[in-house]
Every structure is written in structure tokens, then in C-alpha cells.
Amino acid sequence: MSLIPRIAGGPGIRVRSMSGPVLVAVDEDAGALRDVERELRDRYARHYRVVCKRSSQEALACLEELAAAGEEVALVLAGQWLAGMTGSELLDEARHLHPHAKRGLLIAWGAWGDRATGEAIFDSIAHGRIDHYMLRPSTSPDELFHQAISSLLLEWAEARRASPYTIHVVGESWSGRAYQLRDVLGRCAIPHAFCLADSDDGRALLAKAGEGVGLPLVVFPDGTVLTDPSDAEVARAACSAVNVERMDFDLVIVGAGPAGLSAAVYGASEGFSTLVVDEGGIGGQATSSPLIRNYLGFPRGLSGRRLARHAYEQAWVFGANFAFMQRATGLRREHDDFYVALSESGAVRARAVLLATGASYRRLGVPALEGLNGAGVFYGGVTSEAPAMAGQDVYVLGGANSAAQAALHLARYARRVTLLVRAQSLGAGMSRYLVRQLEATPRLRVRLGTEIVGGGGDGWLEHLVLRDRAEGSEETVDAEGLFVMIGARPRTEWLPPEVDRDARGFVLTGTDLRERAWPLDRGPLLLETSMPGVFAAGDVRHGSVKRVASAVGEGSVAIQLLHRLFAADRLHPRGRPKEPAVVAGR
Ligand SMILES: Cc1cc2nc3c(=O)[nH]c(=O)nc-3n(C[C@H](O)[C@H](O)[C@H](O)COP(=O)(O)OP(=O)(O)OC[C@H]3O[C@@H](n4cnc5c(N)ncnc54)[C@H](O)[C@@H]3O)c2cc1C
């Protein structure tokens, strides 16, 4: 890699239309539409074209014309009640015509708090018909309205790679190394755009970078240019620049998912020198969730990427250090210190370690369904999605107890639930009492010896292709929900045997620890592992709830426990260990 510092600027926001992206609003209430139009024009007319319509027919005709003309629509707003169709239905149509446009439902003040409106909003968001809702503007300027509009426009700009702090990757083709670099930036939740070297933007960037630069090229908003960098170099330049080997830390957190980021925020803000390492980037599993709807304080939901980026910024402001694209490969204790071995550098030293390495769900491996993650296809628990499945045809894939419990729970809401099991019988993977409950539950059926080989939908799951494993025959079925429960695997193979784990590899902590595994006279703290001074939080922990909120909660609790540990010097009550205190890493 070579590093060429500073070139001025980069290509600006790119849009297809000469007159700027379009903001479309429709409301049958003339007064309300006038207010919306005034607010949109006053604030956004310089960069966007504002189009307002009085009826759903006019709005649909306009959206069709814009689509036919190749115009970029950034935002569509619709009043809730329109003649002929609801606002949500119109926004659903808009999704087909302009898949990148953000869609907001305008709510009247009078409807606020009304149960039917609440249910309509919940149902529409759950099924991806709308992105958000907002109150119609009342005063001018109405900053509450503008806050909602500008966050929708930011989401649109980020998705269209048009946000101001975009990193540009220039390559000879979309595939190969340029693709891998984009993947690295994506995993670090960093907005980036790609252009081919022989495109207008590519040529402009290459010209600014100077003579003889190699490809692929990564251009940062501050003008820094990296030519053919490694993954770790890109991550370092984009997110972090500390030399972790030269520093001593109070706390090393392994994993930058919700648990690790939460611990970083609390740890750094409470005065611990903190390092977070992650083999990928920020956010862990949460980044594969396009809309987390059950996280406290976000009634409109928020994307996992956004949550992760805010948490990362928060931790960084408090002074936490980050090392991305660094896999922890070993853990050992020497006297009073822990050493965490890293894949891209040596070992880092710390007084305590938090394991926040999460779990990875076994994926379906059906490409057509990957793009529908969170849009009808869900991994993990069903509790938060179940009410949205009311009256729908829902499938659960899996043959273990968790899949049976999920199917039973869904059967309280869905029109019909089908449990798909690859094996030819239920007995092997499932408790007997659950098998009986499945048999006794109306609206629930079990299909044995069946696998999913295809499926699809336009923005939301619509159908699945099932194959009978014995006969090889295939069948396409209507489906509005698919819950994949084919197992989660903790990534704990790299830990030394002294860190006690359950049969599936999840880390045991606190009262779950087996007595023989605990080496000290004092009892273990709540989230402490069998290696005193090493804690575990989030999905990696045996018995954890496997939710963003609980991972975040555990991350913060771990910091409180660290205070207790350090204050009482209870890590090494010298002379009293039951076993030698030095543990060798692998
Ligand atoms: C598709 C999907 C949708 C979801 N939707 C929701 C939802 O809507 N609401 C909700 O509450 N929950 C949801 N969840 C569950 C939620 O994302 C997890 O419970 C949560 O992310 C767990 O956080 P964590 O920090 O414990 O672990 P993770 O998020 O798994 O993060 C662990 C991190 O550790 C890193 N890591 C692992 N091993 C190493 C190593 N050896 N060295 C360095 N780094 C390592 C990984 O790269 C990863 O970044 C969803 C999960 C998925 C997969």
C-alpha cells in the first residue's frame, strides 16, 4: 500500500436528474397539504424538487411519470386517509416504482394516541410499507417535522451513497479486490461509493490522486488516498489509528457488537482506558437488521448500522480505542495482567477482558432470500415479530425445541404456521411435550423431510420454494413470514480451556459456573467467567437473551462489576488461589 495525503475534495452528490431529487407529498386535506408544501419548499427547495398532489390517483400518476423519466425520488409523504386507498397502500405502491425513496406517513394531531392509528402504523412499518411516520406540520417552521424529514433524507442519501462523508473506492471492475474493500468498509459501517476507473468520476479521482497511482484506490473525504491497501490498513485509516501494542489498557473488549459497544461507552466514560477489537467492524449481528423496532426509545425503529455508528461515535468521544479487522486468537494471564493475541499485530495487555464475541446464526444459504432479511425473513427469536404476523401464512424452519416454541408462539397470531423440518421425524431434536403441543395446536402443521430451496418477493417475502427431500419434488407456496431457527454458534474456539463453556460453546458465567471450574475462594461476579477477571456479555454468554437491548444492558453491567473487582482487588487475592493463577493461551 502507498499513502498519498490530501487531494482536494471528491465528486459531489450525484443524482440522475438535472433538477435534483424529488420530494413528493400527497394529502387530501387542502390545508394540511399547503402546510406540508410550505415547509418542504422553505427548507429544501434549493436541493430538491417539491411536488405536491391532492389525491392518490394524481400522486400515483406523478410517481409513474417520474419513474418512466428516470427521475430520482428521495421521499414520498402521504396523508393517512386518501380516497380509494390508504396512505400506507399508496406508499407501498411507491416502493415498487421508486425502491430507494423513503416513505413517510403523515399523521394528523387528532389521530395521535388513537389506537386504530397506532395499529395501522405498527402494521405498516412491520410489513415494510412505510419507513416512518410523522405529525403533519403545525407551525412554521415546525422543527419536529423537519427532524423527521431530515433523518429520512439522511437515510436516503446514505443508501444512495450520496452522504457528504463518503469514502470512494476506484477499481477496474466491480468484483475482485475492489469488492473486498467495499465489503470491509461496509462491515465498518462506513458510507462508501464505488466507481470504475474508466467512468467520469473514476477519471476525476485518479487525476486528483496524481500520476501513476495503482488500483484499487481508496479516497477519503479529507483527501487521503490509499492505493491497494490491506483490510486492516483500510480499517485503520477509516476508523482507528492507535498502535495497540504500545499501550496498556484497563479493559480489552473483544467484539464490537451491541454488548461490546455498550461496554466501551460505559467503560471509557467511567475512566477506564478501553480498547475494543473486532475481526470485522462495528455492530456485529445487529448490522444485518435493517430495522430494529424493539429497542427502547426508538418508536420508529432504527437500523442496526445506525445504532452501531452512533454507539461507536459515543464510545470514541469518551476516549475508547478501536482496532478493527483484528481477530482475537488467544487469551492468557500472566501475574496480574491478561494478554489478548491479535491476528494483525502482537498481543495487547489489559487488567481485565470482556468477551463480547456474540454468536453467528446458521444462514439459509438461499441467495434469493438473503435480500429479504428483516423484510419477512427473520433469524433468531420471534417475540417481537409475532404480532405483525396476524392473519398471515408463516413458516418456521428448524427441528429443535427453539423452532417448536417459535411455531407455537406464532400460532397465536398467524393464520397458519408451518414448521419445516429437514429430518423425517420430530423425535430426535425436540422434547416430547413440545411435539404433543404441536400436534394439538390448530392452525399449525408440520412438514417433515422438507427444505427451502428458493423464494422471493418484491420488497417483502411473498413466496417460498420447498423441496421434498425424499422425492426431490418442488412446490411454491405463498408465505409472508419465514423464521429461520437452524442454530446459533458462539465463536469461542480461540479461548483457552480455562474459560468454561457449555456443550454448544457458550461461555458460562456467574452462578452458572461449575464449581470445579472456579479457581478462587471468593465467588464469581455476575458476568465473570471461570477465568477471574475475564467477563462475558451478550449473545456469547450461556443463557443470554439474544437481543440487542439485553446485550447492551449486559455490556453496561460488566463495567459496574469491573469497578467492584478493581476496588476490592478481588481479581488476585494473593496467596489464596485454589489453582495456579497463570493460565497459558493457545
Ligand atoms: C438478521 C438479524 C436480525 C436481528 N434483529 C434483531 C432485532 O430486531 N431486535 C433485537 O433485539 N435483536 C435482533 N437480533 C439479535 C441481535 O442482533 C443480537 O442479539 C445482538 O447483536 C447480540 O450482540 P452481541 O454484542 O452480544 O454480539 P454480536 O452482535 O454477535 O457481535 C459480536 C462481535 O464480535 C466479533 N467477534 C467474534 N469473534 C471475534 C474474535 N475472535 N475476535 C474479534 N472479534 C470477534 C464479531 O465480528 C461481532 O462484530 C437480530 C439478529 C440477526 C442476525
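# A parallel sheet, its surroundings and a ligand site

Strands β4 (residues 73–79) and β5 (residues 102–107) run parallel and are joined by five bridges. Within this pairing, Leu 77 faces Gly 104 of β5. The model is a predicted one.

## The sheet and the helix on it

The two strands belong to an open sheet of five strands. Its order is β3-β2-β4-β5-β6, and the pairing is parallel. Which strands form the edges? They are β3 (49–53) and β6, each of which pairs on one side only. On average, neighbouring strands of the sheet are turned by 20° against each other, direction ignored. Helix α1 (residues 30–44) packs on this sheet. The helix touches β2 (22–26), β3, β4 and β5. The direction of α1 makes about 165° with that of β2. As a general point, the strands of a sheet pair through backbone hydrogen bonds, either parallel or antiparallel.

## Val 26 and Ser 55

Val 26 is a residue of strand β2. Is Val 26 buried or exposed? Its relative accessibility is 0%, so Val 26 counts as buried. Beyond its neighbours within four places in sequence, Val 26 is in contact with a list of residues that includes Leu 33, Lys 53, Leu 77, Leu 82, Leu 90 and Leu 106. Ser 55, Ser 56 and Ala 59 are also among them. Ala 59 is 33 residues away from Val 26 along the chain, yet their C-alpha atoms are separated by 6.3 Å.

Ser 55 sits in the loop between β3 and α2 (56–68). Ser 55 counts as buried because its relative accessibility is 15%, under the 20% limit. Its side chain reaches the backbone nitrogen of Glu 58 at 3.1 Å. Leaving aside neighbours within four places in sequence, Ser 55 is in contact with Val 26 and Glu 28.

## Helix α7 and its two sides

Which residues of α7 are buried? They are Asp 201, Gly 202, Leu 205, Leu 206 and Ala 209. Seen down the axis of α7, these buried residues fall within an arc of 130°, so they line one face of the helix. On the other side of α7, Asp 200 and Ala 207 are exposed. Gly 210 comes just after the helix and takes a positive phi of about 105°.

The loop that runs between α7 (200–209) and β9 (217–219) holds Pro 216. A cis peptide bond joins Leu 215 to this proline, with omega about -5°. Another cis peptide bond links Ser 140 and Pro 141, where omega is about -5°. Pro 141 is in the loop between β6 (132–135) and α5 (143–159).

## Two residues with positive phi

Met 325 and His 335 are residues other than glycine, and each has a positive phi: near 55° for Met 325 and near 50° for His 335. Met 325 lies in the loop between β13 (321–324) and β14 (328–334). His 335 is found in the loop between β14 and β15 (337–342). Where do they stand on exposure? Met 325 has a relative accessible area of 7%, which is under 20%, so Met 325 is buried. His 335 has a relative accessible area of 61%, which is over 50%, so His 335 is exposed.

## The ligand site

How many residues surround the ligand? There are 33 of them, and the closest are Ala 259, Asp 278, Gln 285, Ala 328 and Asp 539. The table lists polar backbone atoms that lie by an oxygen or nitrogen atom of the ligand.

| Residue | Ligand atom | Distance to a polar backbone atom |
|---|---|---|
| Pro 258 | oxygen | 3.2 Å |
| Ala 259 | oxygen | 2.9 Å |
| Glu 279 | nitrogen | 3.0 Å |

Ala 259 therefore appears twice here: one of the closest residues to the ligand, and the residue with a polar backbone atom 2.9 Å from a ligand oxygen.

Notes:
Residues are numbered from 1 along each chain as its sequence is written. This is a predicted model: local features need pLDDT of at least 70, side-chain atom pairs count only at pLDDT 80 or more; totals for chains, interfaces and linings use all residues. Side-chain values use heavy atoms; hydrogens and water are left out. Helices (H or I, at least four residues) and strands (E, at least two) are DSSP runs, numbered from the N terminus. Buried means under 20% relative accessible area, exposed over 50%, partly exposed in between (1.4 Å probe, protein chains only). The arc is that of the directions from the helix axis to the C-beta atoms. Two strands pair if DSSP finds at least two bridges between them. Axes are lines fitted to C-alpha atoms, for helices over the stretch in contact, and angles run from 0 to 180 degrees between N-to-C directions. Contact means heavy atoms within 4.5 Å. A residue is near a molecule or strand if one of its heavy atoms lies within 4 Å of it. A polar contact is a pair of N or O atoms within 3.5 Å; within protein, one must be able to donate a hydrogen and the other to accept it, and residues adjacent in sequence count only if both atoms are side-chain atoms.
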